[in-house]
Amino acid sequence: MGIVVENVSKHFGSFQAVDQVNLEIQSGSLVALLGPSGSGKSTLLRLISGLEMPDSGKIILTGKDATYQSVQERNIGFVFQHYALFKHLTVRQNISFGLEIRKAPKKKIQGKVEQLLELVQLSGLGDRYPSQLSGGQRQRVALARALAVEPNVLLLDEPFGALDAKVRKDLRAWLRRLHDEVHVTTVFVTHDQEEAMEVADEIVVMNKGKVEQVGTPANIYDHPASAFVMSFIGPVNVLPSSAKIFQSSGFESTNPETFLRPQDIIIETVSNGTTAQATVSRIIHLGWEIQVELTLDDGQMIKAHLTREQFDELKLAPQEKVYVKPKDAKSFPLYYSI
């Protein structure tokens, strides 16, 4: 087992940041801690790293109790959102810094640095300074520096949060490929659902200091364990369970709210007895799919997602009367909040 968190809690004054969390992360896996601001994900990462100490519970790394070990004793690689590179050192010197502190042989340092420069696709840029690099390149230097000491665990705290959308997307794919090469146990914090879904082997969804669900991206999206998870992972319509769209289709729930994904709304141009009438309010072309905003006859607003082929077949237009029904809907007994 790579990382085991046993019944860990952490307070800051009267605020409980992490509340009796239990978590197991397999060795060699890439795991995302996902949740809104204040959910406890960054605090949990800092507890694993040794930058914070728990009020109670245990942190076990690679089979050893590391709860009260220092950061250095844990052999952790940590990458921050804002790079934290040494501005007065070159790329090569930044990467070699940890090895020099550990007094590794010069020949080993030189070989390791060149190997890492190639691994993070920065060969030929070793003599540049951080100010001469793009944001994406600087973050790759930070990752190379963290990997140089051959850590047992690599921790990344919102590593792409300071970058623009396109660079962020490129680096996601790059991080996934990098992980598949080095296979170091990696945990990264993000509040970006798409980022977690695209990169991680498993996602840990956190809310109010607790773990709501752990699973693969597909499992969490298709089988959410709670109303919070369904509302936080991917787009969703939240409607009263008494809404006509559910009554017409025969869907019944004793819970006050029902959750319906935009892609799980079937739109037809003719009523068939199991549909509810709606009006097309707006059509938004998103390139790879079409978003249709609908107003139900009972006044409820919902959003449906169609493929381009579905949209072309239906030939929808604003203010057109259509008929809708849910393909799949979910209802949960517990109150949720974001």
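**Exercise 1. Find the volume of the largest pocket and describe its lining.**

Step 1. The largest pocket has a volume of about 610 Å³. A pocket is an open set of points on a 1 Å grid over the protein atoms alone, where a 1.4 Å probe fits, with protein on both sides within 12 Å along at least five of seven lines. Lining residues have an atom within 4 Å of a point. Volume is the space filled by probe spheres set on the points.

The model is predicted: local features need pLDDT of at least 70, side-chain atom pairs 80 or more, while totals for chains, interfaces and linings use all residues. Side-chain values use heavy atoms, without hydrogens and water, and numbering runs from 1 along each chain.

Step 2. Go to the centre. Of 19 lining residues, Val71, Ile76, Gly77, Phe78 and Gly98 are the closest to it.

Step 3. Sort by class. The lining holds 12 nonpolar, five polar and two charged residues; Gly counts as polar.

**Exercise 2. Which helix gives the largest share of the lining of the second largest pocket?**

Step 1. This second largest pocket has a volume of about 270 Å³.

Step 2. List some of its lining: among them are Gln193, Glu194, Met197, Trp288 and His305.

Step 3. Helix α7 (residues 193-199) gives the largest share, three residues.

**Exercise 3. Which residues touch the most other members of the largest nonpolar core?**

Step 1. Such a core joins buried (under 20% relative accessible area, 1.4 Å probe, protein chains only) nonpolar residues through side-chain atoms within 4.5 Å.

Step 2. Of its 45 residues, the answer is Ile95, Leu154 and Ile203. Helix α5 (residues 135-148) brings the largest share, seven residues.

Methods
Buried < 20%, exposed > 50% of the residue type's maximum accessible area, 1.4 Å probe, protein only. Helix = DSSP H or I, 4+ residues; strand = E, 2+ residues; numbered from the N terminus.
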